[in-house]
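Trainee: I would like a close look at one part of this model. Please start from a single side chain and work outwards from there.

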Amino acid sequence: MNKIIIAIDGFSSTGKSTVARQLAKELNYIYVDTGAMYRAVTYFALKNDLIGEGFFHSEKLIERLDDINITFKFNEDLGFAEVYLNGENIEKDIRTLEVSQYVSPVSTISEVRQKLVEQQQLMGKGKGIVMDGRDIGTVVFPDAELKIFMTASAETRAKRRYKELLERGHNLSYDEVLENVTTRDYIDSTREDSPLMKAEDAIEIDNSDLTIEAQLDSLIKLAKAIA
Ligand code: C5P
């Protein structure tokens with residue numbers, strides 16, 4: 001079978017990462033969660049007081065981009081690659097509501113996107129990759145052999161995210177999560193550089209009422225039909 005590039009884009013908390021990760025495992029492909037990379041830059045900005053309540057020193061963040069080195073390292077026990085910032089494992093730190101609240105403004109910065117897109121394109125050079133995000137089928141790999149656009153209602157997505165965050169021990173309300181999901185979607189879809197949108201040749205899947213198994217099943221079939 002030929003190795004292909006599979007681009008999975010969609011709104012926040014559509015369960016893209018869960019399905020993408022399992023799909024990569026099934027196909028013996030590399031999986032890359034590009035949201036984790038934007039979250040890593042946001043974590044750096046927060047740690048260095050470049051963004052916070054009521055301020056965003058975007059020019060200073062741009063100046064510091066060379067100080068940001070993002071890598072992934074596979075964790076055998078967890079069965080997926082964790083994200084590292086300058087050698088430090090930040091997998092848990094980037095999943096907080098605080099990072100979620102600042103990640104979309106950080107992701108509007110073209111210099112940030114340029115740096116991360118370059119790294120993502122290098123990772124996909126050998127194909128055999130499943131990458132998920134917002135601009136994978138439109139900007140990172142416009143020639144990807146298989147493009148998926150995941151959707152689900154905002155409430156379904158907020159419920160999923162809320163459950164996930166509670167399970168991880170975060171203390172927050174459903175309304176806070178819903179507000180974050182809808183705000184992020186708005187900023188992500190309306191930004192000037194690489195807005196979230198369905199690529200013309202992407203296959204749209206509304207997974208509001210689909211189990212992970214059903215989604216995985218159809219994605220494997222689609223991938224095998226092409227590869
Ligand atoms: O996928 P996840 O929800 O973790 O992504 C976090 C944020 O990172 C998104 O809301 C979006 O602002 C940004 N992002 C992006 N482009 C990508 C992946 C994520 O702008 N390819």
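At 30% relative accessibility, what does Glu 164 count as?

Mentor: Keep in mind that this is a predicted model. Glu 164 counts as partly exposed, because its relative accessibility is 30% and the partly exposed class lies between 20% and 50%.

Now look at the partner. Glu 164 meets Arg 161 in a salt bridge, side chain to side chain, at 3.4 Å from N to O. Both sit in helix α7, three residues apart, so about one helical turn separates them. Arg 161 is in another class. Its relative accessible area is 10%. The buried class is anything under 20%, so Arg 161 is buried. This salt bridge therefore pairs a partly exposed Glu 164 with a buried Arg 161.

Stay in α7 and step back along the helix. Arg 157 lies there too. Arg 157 is buried, because its relative accessibility is 5%. The side chain of Arg 157 makes a salt bridge to Asp 185, with 2.7 Å between the closest N and O atoms. This pair links distant parts of the chain. Arg 157 is in α7, residues 154–167, while Asp 185 is in helix α8, residues 174–190. They are 28 residues apart. Asp 185 is buried as well, since its relative accessibility comes to 7%. The two side chains are also joined by a polar contact of 2.7 Å. Arg 157 has a further polar neighbour: a polar atom of the Arg 157 side chain lies 2.8 Å from the backbone oxygen of Ala 152.

What of other charged pairs? The structure holds 13 salt bridges. Side chains of opposite charge can pair when their charged atoms come close. Take Asp 188 and Arg 191. Their closest N and O atoms are 3.6 Å apart, and they form a salt bridge. Asp 188 has a relative accessible area of 4%, so this residue is buried. Arg 191 is buried too, because its value is 7%. Elsewhere, salt bridges with shared partners join Asp 33, Glu 91 and Arg 95 into one network.

Follow that network to the largest cavity. Asp 33, Glu 91 and Arg 95 are among the residues that line it. The lining also includes Arg 21, Tyr 31, Val 32 and Ala 36. Phe 72, Phe 80 and Ala 81 belong to it too. About 70 Å³ of space lies in this cavity. The count is two cavities of 30 Å³ or more. Strands β2, residues 30–33, and β6 each supply at least two residues of the lining. β2 gives the most, with three residues.

Asp 33 also leads to helix α2. At the start of α2, a side-chain oxygen of Asp 33 reaches to within 3.1 Å of the backbone nitrogen of Gly 35. α2 covers residues 34–47, which is 14 residues. From first C-alpha to last, α2 reaches 20 Å, close to the 20 Å expected at 1.5 Å a residue. Twelve of the 14 residues are buried, so α2 is largely enclosed by the rest of the structure. Among the buried ones are Ala 36, Arg 39, Tyr 43 and Phe 44. After α2 comes Asp 49, whose phi is positive, near 55°.

β6 leads to a sheet. The sheet is open, has three strands and runs in the order β5-β6-β7, with antiparallel pairing. β5 (70–75) and β7 (88–89) stand at the edges with a single partner strand each, so one side of each has no neighbour in the sheet. Strand β6, residues 80–85, is joined to antiparallel β7 by two bridges. Tyr 84 stands opposite Asn 89 in β7.

One last stop is Pro 105. Pro 105 is found in helix α4, residues 97–107. Like your starting residue, it falls in the middle class: Pro 105 counts as partly exposed because its relative accessibility is 25%. Its C-alpha atom is separated by 17 Å from that of Met 197, which is 92 residues away along the chain.

Note on methods
Residues are numbered from 1 along each chain as its sequence is written. This is a predicted model: local features need pLDDT of at least 70, side-chain atom pairs count only at pLDDT 80 or more; totals for chains, interfaces and linings use all residues. Side-chain values use heavy atoms; hydrogens and water are left out. A salt bridge is a side-chain nitrogen of Lys or Arg within 4 Å of a carboxyl oxygen of Asp or Glu. Helices (H or I, at least four residues) and strands (E, at least two) are DSSP runs, numbered from the N terminus. Buried means under 20% relative accessible area, exposed over 50%, partly exposed in between (1.4 Å probe, protein chains only). The expected span of a helix is 1.5 Å times one less than its number of residues. A polar contact is a pair of N or O atoms within 3.5 Å; within protein, one must be able to donate a hydrogen and the other to accept it, and residues adjacent in sequence count only if both atoms are side-chain atoms. Two strands pair if DSSP finds at least two bridges between them. On a 1 Å grid over the protein atoms alone, a cavity is a set of points where a 1.4 Å probe fits but cannot get out, and a pocket is an open set with protein on both sides within 12 Å along at least five of seven lines; lining residues have an atom within 4 Å of a point. Grid points are joined across faces, edges and corners, and a volume is the space filled by probe spheres set on the points.
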